[in-house]
Amino acid sequence: MLYIKAPAKINLTLDVLYKRPDQYHEVEMVMTTVDLADRIGLELRNDGKIVIHSSSGIVPEDDRNLAYQAAILLKNTYNVHEGATITIHKEIPVAAGLAGGSSDAAATLRGLNQLWNLNLSIDTLAELGANIGSDVPFCVYGGTALATGRGEKIQPLPAPPSCWVILAKPRIGVSTAKIYEGLNLENIEHPNTKQMMTALENKDYSLMCKSLGNVLESVTCSLYPEVAVIKNQMIRFGVDAALMSGSGPTVFGFVDSESRLNRVYNGLKGFCDEVYAVRMLGERNSLA
Ligand SMILES: C[C@@](CO)(OP(=O)(O)O)[C@H](O)COP(=O)(O)OP(=O)(O)OC[C@H]1O[C@@H](n2ccc(N)nc2=O)[C@H](O)[C@@H]1O
Ligand SMILES: Nc1ncnc2c1ncn2[C@@H]1O[C@H](COP(=O)(O)OP(=O)(O)O)[C@@H](O)[C@H]1O
């Protein structure tokens, strides 16, 4: 059995520039992986089938599963005769703004590349992954990157300064399409992407905290007020900065001391059942 780690991502910035004729939005996002990860087990099958097992009751085990779609795409594109049993040990909350499904698809591409001895480059896998979803190419590379286009154009960035990340997910799932649809393009407060990139280059923690911004946050908060409630609680318990990730509803906060981490974590645990304290992974090569 081959095991591959599929980490969650957070969006340090998420900006929307305009709506494209293909109905996607042109975005500019600084993304980074965090150490909250699904584990994907891959086993070779000689009957050519792709079979999915998932530890989560809510993730589909059929062709709606993004890992299944990734495997079929790779198999058909490269005319592979073998199959695979793909076991997904789910740790990343589903429909949370943390790219769990995209990361499972990306890990499947990386893992099957090994299992089926395809010797494809990481760039080829990322290009293929764009057919599954906009966040899949970033997840193929991992680490920290600027994502543009509809999210599939990836430019590597330096790892963020070291700190703790607290994630809290209210008990709702959010549809990404619905949140993008709700965005009023006439009235956007754009985050300062360049400033965030400078913060990463200089490993400047306080500038990173100041530069966080996500144009989808107000859309999700107006549909689901509990997201704003969690963000305010996080700030009240003492994080240095907090932001919603992706289309939500997960909110993340940063602290740079362990004593404050414990205070925030325990405070949030009092009224939110899905709270995680993790490290950023930061670098591309941390995807063993
Ligand atoms: C918002 C983000 C930020 O990282 O993440 P999540 O909240 O999903 O984690 C991403 O842009 C989500 O990427 P992903 O979840 O892969 O989206 P896709 O499957 O490609 O698209 C789902 C739907 O979202 C909308 N969409 C997505 C990407 C984009 N640049 N513009 C869009 O308008 C479209 O309506 C599309 O049909
Ligand atoms: N392997 C998978 N893990 C999680 N969700 C999946 C997977 N495959 C398909 N999905 C579906 O993708 C949708 C989005 O899930 P997810 O990727 O967790 O969220 P997000 O896009 O907010 O980061 C869910 O409706 C879920 O049913």
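This tour proceeds from a ligand shell to a pair of packed helices in a predicted model.

**Ligand 2.** Begin by selecting ligand 2 together with the residues around it. The shell comprises 20 residues; Asn-65, Leu-66, Gly-100, Gly-101 and Asp-104 are the closest. Next, display the secondary structure. Helix H1 (66–77) and helix H2 (100–115) are the elements that contribute two or more residues to this shell. H2 gives the most, with four residues.

Colouring the shell by residue class shows ten nonpolar, eight polar and two charged residues around ligand 2. Colouring by domain is also informative: domain 1 (2–156) and domain 2 (164–284) each supply at least three residues to the shell around ligand 2.

**From H2 to H3.** Keep H2 selected and add helix H3, residues 122–129. Two packed helices are described by the angle between their axes and by the distance between those axes. For H2 and H3, the angle is about 140 degrees and the axes lie 10 Å apart. H2 is therefore oblique to H3; angles over 145 degrees would count as roughly antiparallel. The crossing of H2 past H3 is right-handed.

**The contact.** Now show the side chains where the two helices meet. H2 contributes Ala-105, Ala-106, Leu-109, Arg-110 and Asn-113 to the contact, while H3 contributes Leu-125, Leu-128 and Gly-129. By class, the residues of this H2–H3 contact are five nonpolar, two polar and one charged.

To finish, display ligand 2, H2 and H3 together. In this view, H2 gives four residues to the shell around ligand 2 and also packs with H3.

Technical notes. Residues numbered from 1 in each chain as written. Chains lettered and ligands numbered in written order. Predicted model: local features only at pLDDT ≥ 70, side-chain atom pairs only at ≥ 80, totals over all residues. Near = placed C-beta within 6 Å. Nonpolar A, V, L, I, M, F, W, Y, C, P; charged D, E, K, R; others polar. Domains from an automatic or database assignment. Axes fitted to C-alpha atoms, helices over the stretch in contact; angles between N-to-C directions. Parallel < 35°, antiparallel > 145°, perpendicular 65-115°, else oblique. Left-handed = near helix turned anticlockwise from the far one by under 90°. Contact = placed C-beta atoms within 7 Å.
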